[in-house]
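Please explain how this structure is put together, beginning with its sheet and then turning to its helices and its charged pairs.

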Amino acid sequence: MANMSIVGKRNKANGALFEAWISASCDHYSETGIAFMEKTPEPFHITSRGKDGVVSGYYEKSAQPDYKGILKGGKGVMFEAKHTDCGMIKQGAVTETQSRNLDMYHELGAICFVLVSMGFESFHRVPWPVWKGMKEIFGHKHMTLDEIGPYRVKSYIGMIDFLDGIEAMDEKWKHVDGD
């Protein structure tokens, strides 16, 4: 059995790398006038600071989806980012709070999706109605590499082109509620 400390550190490092790739992509979209997207800050309350620079505290509320923004022309976008190394992604990786936020934004007309890294080998933009409807669509509450395959987006070292074809995806899924 793997040492949980090592697994936790690896997961944290992978999450940070995935976030760096997304942020580089967001910077590119902003610089080229395609969209303005930003990371949602997580509200953290600091309870103490040690002399060695160690900070203690707690998260003040459940995390919101990772990124929000707007496309050129005014269409809102919200998405959650998830990384996995195990060849499948579980629906439960998105928290109830994140799910409620994505539901609300989707109902109000924003483009909502979950951006999934499958071991940094492929990246997938899963429309929110598909993510929410996994059980009905696939018969289980997870997606395998084969099932997530149709949602693959282009990627380059250090960047993921997750907005490529976003309007077509939105048109196809905007009237689907996923329930």
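The following paragraphs lead through the sheet, the helices that lie across it, the salt bridges and the cysteines.

The model is a predicted one. A suitable starting point is the open sheet, which consists of six strands in the order β1-β4-β5-β7-β8-β10, with mixed pairing. At its edges stand β1 and β10 (152–153), each with a single partner strand, so one side of each has no neighbour in the sheet. In general, strands of a sheet pair through backbone hydrogen bonds, and this pairing is either parallel or antiparallel. For β7 and β8 the sense is antiparallel, and the pairing extends over six bridges. Within this region, F113 stands opposite P127 of β8.

Two helices can now be placed against these strands. Helix α2 lies across β4, β5 (76–84) and β7, and it runs at about 145° to β5. Helix α6 lies across β4, β7 and β8, and its direction is at about 115° to β7.

Helix α6 deserves a closer look. It spans residues 166–173, and within it I166, M169, D170 and W173 are buried. These four cover an arc of only 100° around the axis, which means that they lie on the same side of α6. The spacing follows a general rule: an α-helix has 3.6 residues a turn, so residues three or four places apart point the same way. On the other side of α6, E167, A168 and K172 are exposed. What, then, covers the buried residues of α6? The cover includes the strands β4 (67–71), β7 (111–118) and β8 (122–127), together with the helices α2 (96–107) and α3 (128–132).

The charged side chains offer another view of the model. Side chains of opposite charge can pair when their charged atoms come close. The count of salt bridges comes to six. In one of them, the side chains of K39 and E19 meet, with an N to O distance of 3.7 Å. This pair links distant parts of the chain, since K39 belongs to strand β1 (residues 35–39) and E19 to helix α1 (residues 4–31), 20 residues apart. Both ends can also be described by their accessibility: K39 is partly exposed, with a relative accessible area of 25%, and E19 is partly exposed, with a value of 35%.

K39 also meets D66 in a salt bridge, at 3.3 Å from N to O. Here too the pair links distant parts of the chain: D66 sits in the loop between β3 (55–59) and β4, whereas K39 is in strand β1, 27 residues apart. D66 has a relative accessible area of 12% and therefore counts as buried. Through salt bridges that share partners, E19, K39 and D66 are joined into one network. Another salt bridge is formed by E80 and K82, whose closest N and O atoms are 3.0 Å apart. Are the residues E80 and K82 buried or exposed? Both are buried.

The cysteines complete the account. A disulfide is a covalent bond between the sulfur atoms of two cysteines. How many disulfides does a search of the whole structure find? The search finds zero. As for the surroundings of individual cysteines, C26 has a relative accessibility of 3% and so counts as buried, whereas C86, at 56%, counts as exposed.

Notes. Residues numbered from 1 in each chain as written. Predicted model: local features only at pLDDT ≥ 70, side-chain atom pairs only at ≥ 80, totals over all residues. Heavy atoms only, no water. Buried < 20%, exposed > 50% of the residue type's maximum accessible area, 1.4 Å probe, protein only. Arc of directions from axis to C-beta. Contact = heavy atoms within 4.5 Å. Disulfide = S-S within 2.5 Å. Salt bridge = Lys/Arg side-chain N within 4 Å of Asp/Glu carboxyl O. Pairing = 2+ DSSP bridges. Axes fitted to C-alpha atoms, helices over the stretch in contact; angles between N-to-C directions.
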